[in-house]
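Let's take a walk through this fold together, going from helix packing to aromatic rings and then to a few individual residues. Keep the viewer open as you read.

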Amino acid sequence: MGLTPSYAELRDVKLQTVRQVISPECYDRSTARAMFWYVFDLALYLAAITGVFLSHHVALKLFFGFLAGCTVAFMFVWAHDAAHGALFKSKRVAEVLGTLFMLPSFNMYRLWSYGHNKVHHGFTSFTPIDWIWRPLTPDEYAAKSPLRRLVYRLERSPYTCALHYLLRVWWAGMVRFKPDPNLRDRHLFSLSKVLTLGFFVAYSALAYRYAGGVFGVISAVILPFLVFNYFIALFVFLHHTHPDIPYFDQRQEWSNTIGQVYCSTIVRCSALSEIMIHNIMIHVPHHVDNRIPFYHLKKAYLDLRREYGQYMHEYRFRFSTVFDIFKRCKLYDYENKMWYSFREAAVLRLNLLRKAA
């Protein structure tokens with residue numbers, strides 16, 4: 001986590017200029033490779049769910065339910081790439097397979113794609129538009145009700161960060177989302193909701209009947225859903241949050257290149273972990289160009305590092321590092337580009353009140 005040059009140096013660099021250093025082969029799509037990982041992820045999920053249905057011991061059901069939640073996260077990452085058009089030339093194929101892979105997470109492919117592709121990738125870390133993991137300022141936090149402050153604290157805890165994805169993305173961004181009445185194909189958003197609801201009801205009924213009643217539903221349906229939400233929330237938090245990474249609320253300070261290169265991270269994990277999560281933590285090349293398939297992200301990362309490595313925030317995944325990031329990145333001063341812990345913000349506010357008195 002060494003010192004990095006100022007992000008201002010990237011303000012006038014076009015994103016297309018950055019993309020030019022990526023090797024053409026990084027854009028090659030292989031239907032065979034995409035389908036291999038589709039079948040692989042699906043097999044893992046079905047194996048875990050079979051364990052839930054066939055196990056009679058409570059601990060085993062919970063164990064297999066936890067594993068199912070992990071595999072749901074793997075499937076979601078695959079569907080995420082499909083939604084970007086990185087895996088198939090056919091949008092129809094991508095949507096059908098991606099929709100099926102998002103069903104176990106109860107995410108709605110069409111709704112998720114609409115928000116993620118247009119908002120998050122279009123305006124990464126520009127908080128008036130990209131609201132995912134937007135940090136509050138110390139004053140904004142102090143003005144919140146006790147309940148809202150508690151929710152915010154839970155969201156920014158390494159133990160309960162799943163709450164952020166549940167409340168901000170799944171509930172507000174999909175379940176309760178109402179598209180513009182003038183938007184073409186808006187009926188497809190409703191269809192996505194109905195399809196997901198139908199899957200949830202049918203799957204819950206199946207789990208209740210054959211996996212052990214209420215506890216079967218908890219193990220096969222609810223627990224995997226919660227585990228998935230935890231991992232996705234954690235991944236996205238680490239993708240764009242770091243003590244050295246700024247957030248912006250003024251358009252003139254931000255640029256697309258700054259958002260994609262400087263405000264995204266490279267978090268290297270074990271070789272097995274990177275395989276299982278489809279390289280999603282090698283995130284800068286994905287933001288520079290989301291058409292790159294997940295199986296080419298390492299190659300694209302090496303290309304980018306040669307020319308723009310000094311602007312990239314890279315570290316090894318360690319629990320101590322993750323906990324430190326969560327501890328330090330609680331509240332944010334957008335004017336001075338400074339992170340505060342809750343304690344630091346409280347001391348700052350107290351000192352200001354004393355000076356004012």
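A good place to begin is the pair α9 and α10, whose crossing is right-handed. Please keep in mind throughout that the model is predicted. Helix α9 covers residues 187-210 and helix α10 covers residues 213-240. Their axes come within 7 Å and cross at roughly 130 degrees. An angle counts as roughly antiparallel over 145 degrees and as roughly perpendicular from 65 to 115, and α9 and α10 are therefore oblique to each other. If you would like to see the side chains involved, look on the α9 side for Phe200, Tyr203, Ser204, Ala207 and Tyr208. They meet Gly213, Val214, Gly216, Val217, Ala220 and Val221 in α10.

A second helix pair is worth setting beside this one. Helix α3 (residues 58-83) packs with helix α5 (residues 109-120) at an angle of about 65 degrees, and the two axes are 10 Å apart. That angle makes α3 roughly perpendicular to α5. On the α3 side, the contact is made by Phe76, Ala79, His80, Ala82 and Ala83. Their partners in α5 are Tyr109, Trp112, Ser113, His116 and Asn117. The crossing of α3 and α5 is right-handed.

Now for the rings. How many aromatic pairs does a search of the whole structure find? The search turns up 38 of them. One to pick out is the pair formed by tyrosine 38 and phenylalanine 101, which is stacked, with 3.9 Å from centre to centre and 10 degrees between the planes. Tyrosine 38 belongs to helix α2 (residues 31-54) and phenylalanine 101 to helix α4 (residues 91-102), so this pair ties together parts that are 63 residues apart in sequence. Are these two residues, tyrosine 38 and phenylalanine 101, buried or exposed? Both of them are buried.

Ring pairs also build up a cluster, which links Phe106, Trp170, Trp171, Phe199, Phe200, Tyr203 and Phe225. You have already met Phe200 and Tyr203, which are among the α9 residues that meet α10.

Charged side chains join the rings in places too. Arginine 153 lies over the face of phenylalanine 342, at 4.0 Å from the ring centre. Arginine 209 is placed over the face of tyrosine 210, here at 4.9 Å from the ring centre.

Next, let's visit histidine 287, which lies in helix α13 (residues 283-288). Its relative accessible area is 3%; the cut-off for buried is under 20%, so histidine 287 is buried. What surrounds histidine 287? Leaving aside neighbours within four places in sequence, its contacts are His120, His121, Thr124, His240, Gln260 and Ser264. For a sense of how the chain folds back here, histidine 287 and asparagine 256 are 31 residues apart in sequence and 9.9 Å apart in space, C-alpha to C-alpha.

Finally, two backbone angles deserve a look. Serine 125 has a positive phi of about 70 degrees although it is not a glycine. This serine 125 is found in the loop between α5 and α6 (138-143), and with a relative accessibility of 1% it counts as buried. Lysine 337 also has a positive phi without being glycine, with a value near 55 degrees. Look for lysine 337 in the loop between β3 (331-333) and β4 (338-340).

Terms used:
Residues are numbered from 1 along each chain as its sequence is written. This is a predicted model: local features need pLDDT of at least 70, side-chain atom pairs count only at pLDDT 80 or more; totals for chains, interfaces and linings use all residues. Side-chain values use heavy atoms; hydrogens and water are left out. Rings of Phe, Tyr and Trp (its six-membered ring) pair if their centres lie within 6.5 Å; planes under 30 degrees apart count as stacked, over 60 as edge-to-face and the rest as tilted. Helices (H or I, at least four residues) and strands (E, at least two) are DSSP runs, numbered from the N terminus. Buried means under 20% relative accessible area, exposed over 50%, partly exposed in between (1.4 Å probe, protein chains only). A charge sits over a ring if NZ of Lys or CZ of Arg is within 6 Å of the ring centre and within 35 degrees of the ring normal. Axes are lines fitted to C-alpha atoms, for helices over the stretch in contact, and angles run from 0 to 180 degrees between N-to-C directions. Angles under 35 degrees count as roughly parallel, over 145 as roughly antiparallel, 65 to 115 as roughly perpendicular and the rest as oblique. A crossing is left-handed if the near helix is turned anticlockwise from the far one by less than a right angle, and right-handed if clockwise. Contact means heavy atoms within 4.5 Å.
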